[in-house]
Amino acid sequence: MVDRNIPPGSPKENPDPNSDANPNFKDDSSLETVVKKFQDSISLGKQHKFWETQPVGQFKDVGDSSLPEGPIEPPTPLSEVRQEPYNLPSLYQWTTCNLDSEEICTEVYNLLSNNYVEDDENMFRFNYSREFLQWALRPPGYYQSWHIGVQVKASKKLVAFITGVPAKIRVKDEVVTMAEVNFLCVHKKLRSKRLAPVMIKEVTRRIHLENIWQAAYTAGVVLPTPITTCQYWHRSLNPKKLIDVGFSRLGARMTMSRTIKLYKLPDSTASPGFRKMELRDVPAVTRLIRNYLKQFVVAPDFDENDVEHWLLPAENVVDSYLVESPETHEITDFCSFYTLPSSILGNQNYSTLKAAYSFYNVATRTPLLQLMNDALIVAKQKHYDVFNALDVMENESFLKELKFGPGDGQLHYYLYNYRLQRALKPSKLGLVLL
């Protein structure tokens, strides 16, 4: 259900973060532009033959208002779902990865850290930690059978991986049980084996066995058909290091000392009652976030168990802060970010780029600009090098003001077996996938 084997562009920022971004970048995100890119790719002989056989929105149907919204295909009777796994090339076999096992978790970590998403210039590669993988792949109600590996039969070496986790996602007024499919990774030496389509079919089969028929996923490449296309923005927290490793460049007419001064943050947060989230806050945060997410067309339908799992702080995995009114002790505002470092490839001085990714943020009394500046301050205090955010939800309202610069990567969001008649603006999307 997902093809993340190609990175979402480079994670690097625009070389001049003080410029007014790229004036054409809004148009780049329109569905018309996406369709044109796809049509251009067809002329180069790059048809998405696999995706054209799947129940996903097809480019030929864009703009056809006669097609109903909702499921594209009805559920199949469970007795008719294929019971045996799909066939792999003869040297390989399926394995189910038990992430409770430190040994298996390390094996998965090693595969991803050496073979997963890289930028276009091969300077950076995502480096999800073991703790992060256990958090991302074991939410409430997860299925171990959806953590799928491919091994070499002879050596039992893990050479490919794909996952799904269950999620309740609201699309307009309907709450749909879906799978979020992620971490599709094939060892670099096996990229010619066409393993990815078989892996996608296998994870789809296992999801169907649990009577789940829809999925959400993202990719850095254009497939049929995005429900929206988002832009990554980056805020320098350690500008000297980012420039030294080639993540960003000195702007025109800028010196290093002026750049460091430009990105300097206050030593302490500004919002009275700003503190780290605790277990006792789960009910209040759940109410806050559920109420906030109602305004978006596509968003998760979180309950208290979800909020406890996804948003309760975990060291080097997810950080969450809230504003508690000093007078009434009411929880009025909330911000969160998760930790996703990247390995720095081929640099003698640095091996890791510590990146914070904006997760879910809710501002009701505190201005969002101030709340997010406080988030930047605590991220800087915790020695993050950069703070990343997509232009989803209300994020666009603070990006330029807080000195974020547009990256050169886009992230396309997709739904499997669910049609939306019109593509969304990123500001109508309330869903962040890891």
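**Close-up views of a predicted model**

**View 1. The largest nonpolar core and its best-connected residues.** In this predicted model, the largest nonpolar core comprises 79 residues, and those with the most contacts inside it are Trp135, Val298, Leu311, Phe359 and Tyr360. Helix 8 supplies the largest share of this core, namely seven residues. A second, separate core consists of 32 residues, including Trp51, Val198, Tyr414 and Tyr416.

**View 2. The surroundings of Tyr360.** Tyr360 is one of the residues with the most contacts inside the largest core. When residues up to four places away in sequence are not counted, the residues that Tyr360 touches include Ile289, Leu293, Pro300 and Phe302. Also among them are Leu311, Phe334, Cys335, Ser336 and Met393. Gly430, Leu431 and Val432 are likewise touched by Tyr360.

**View 3. Met393, a contact of Tyr360 with a positive phi.** Met393 is found in the loop between strand 17 (386-390) and helix 11 (396-399), and it is among the residues that Tyr360 touches. Most residues other than glycine have a negative phi. The phi of Met393, by contrast, is positive, near 50°. Met393 has a relative accessibility of 4% and therefore counts as buried.

**View 4. Helix 4 and its buried residues.** Helix 4 spans residues 130-137 and is mostly covered, with six of its eight residues buried. The buried residues are Phe132, Leu133, Gln134, Trp135, Ala136 and Leu137. Of these, Trp135 is also named among the residues with the most contacts inside the largest nonpolar core.

**View 5. An open sheet of three strands.** The strands of this open sheet follow the order 3-13-14, and their pairing is antiparallel. Strand 3 (124-126) and strand 14 (352-353) are the edge strands, each pairing on one side only. Strand 3 pairs with strand 13 (residues 342-344) over three bridges in the antiparallel sense. Within this pairing, Ser343 in strand 13 is the bridge partner of Arg125. Strands of a sheet pair through backbone hydrogen bonds.

**View 6. The salt bridge between Glu118 and Arg125.** Arg125, the bridge partner of Ser343, also forms a salt bridge with Glu118, in which the closest N and O atoms are 2.8 Å apart. Side chains of opposite charge can pair when their charged atoms come close. Glu118 has a relative accessible area of 9% and is therefore buried. Arg125 likewise counts as buried, at 10% relative accessibility. By the rule applied here, the count comes to 17 salt bridges.

**View 7. Helix 5, with Ile200 and a salt bridge.** Helix 5 covers residues 195-208 and contains Ile200. Ile200 has a relative accessible area of 3% and is therefore buried. Phe50 and Ile200 are 150 residues apart in sequence, yet their C-alpha atoms are 10.0 Å apart in space. In helix 5, Glu202 and Arg206 lie four residues apart, about one turn of the helix. The side chains of Glu202 and Arg206 meet in a salt bridge of 2.8 Å, N to O. Glu202 is buried, with a relative accessible area of 0%, and Arg206 is buried at 9%.

**View 8. A salt bridge between helix 8 and a loop.** The side chains of Arg290 and Asp301 meet in a salt bridge of 3.2 Å, N to O. Arg290 lies in helix 8 (residues 282-293), whereas Asp301 lies in the loop between strand 10 (298-300) and helix 9 (304-311), so the pair ties together parts that are eleven residues apart in sequence. Arg290 is partly exposed, with a relative accessible area of 38%, and Asp301 is partly exposed at 21%. Elsewhere, salt bridges that share partners join Arg275, Glu278, Arg280, Asp281 and Glu324 into one network.

**View 9. Backbone geometry at Thr225 and Arg253.** Most peptide bonds are trans. A cis peptide bond, however, joins Pro224 and Thr225, with omega of about -25°. Thr225 is placed in the loop between strand 7 (214-219) and strand 8 (228-236). Arg253 is in the loop between helix 6 (239-244) and helix 7 (256-262). Although Arg253 is not a glycine, its phi is positive, about 60°. Arg253 has a relative accessible area of 73% and is therefore exposed, whereas Met393 is buried.

Definitions and conventions
Residues are numbered from 1 along each chain as its sequence is written. This is a predicted model: local features need pLDDT of at least 70, side-chain atom pairs count only at pLDDT 80 or more; totals for chains, interfaces and linings use all residues. Side-chain values use heavy atoms; hydrogens and water are left out. Helices (H or I, at least four residues) and strands (E, at least two) are DSSP runs, numbered from the N terminus. Buried means under 20% relative accessible area, exposed over 50%, partly exposed in between (1.4 Å probe, protein chains only). Two strands pair if DSSP finds at least two bridges between them. A salt bridge is a side-chain nitrogen of Lys or Arg within 4 Å of a carboxyl oxygen of Asp or Glu. A nonpolar core is a set of buried Ala, Val, Leu, Ile, Met, Phe, Trp, Tyr and Cys residues joined through side-chain atoms within 4.5 Å. Contact means heavy atoms within 4.5 Å.
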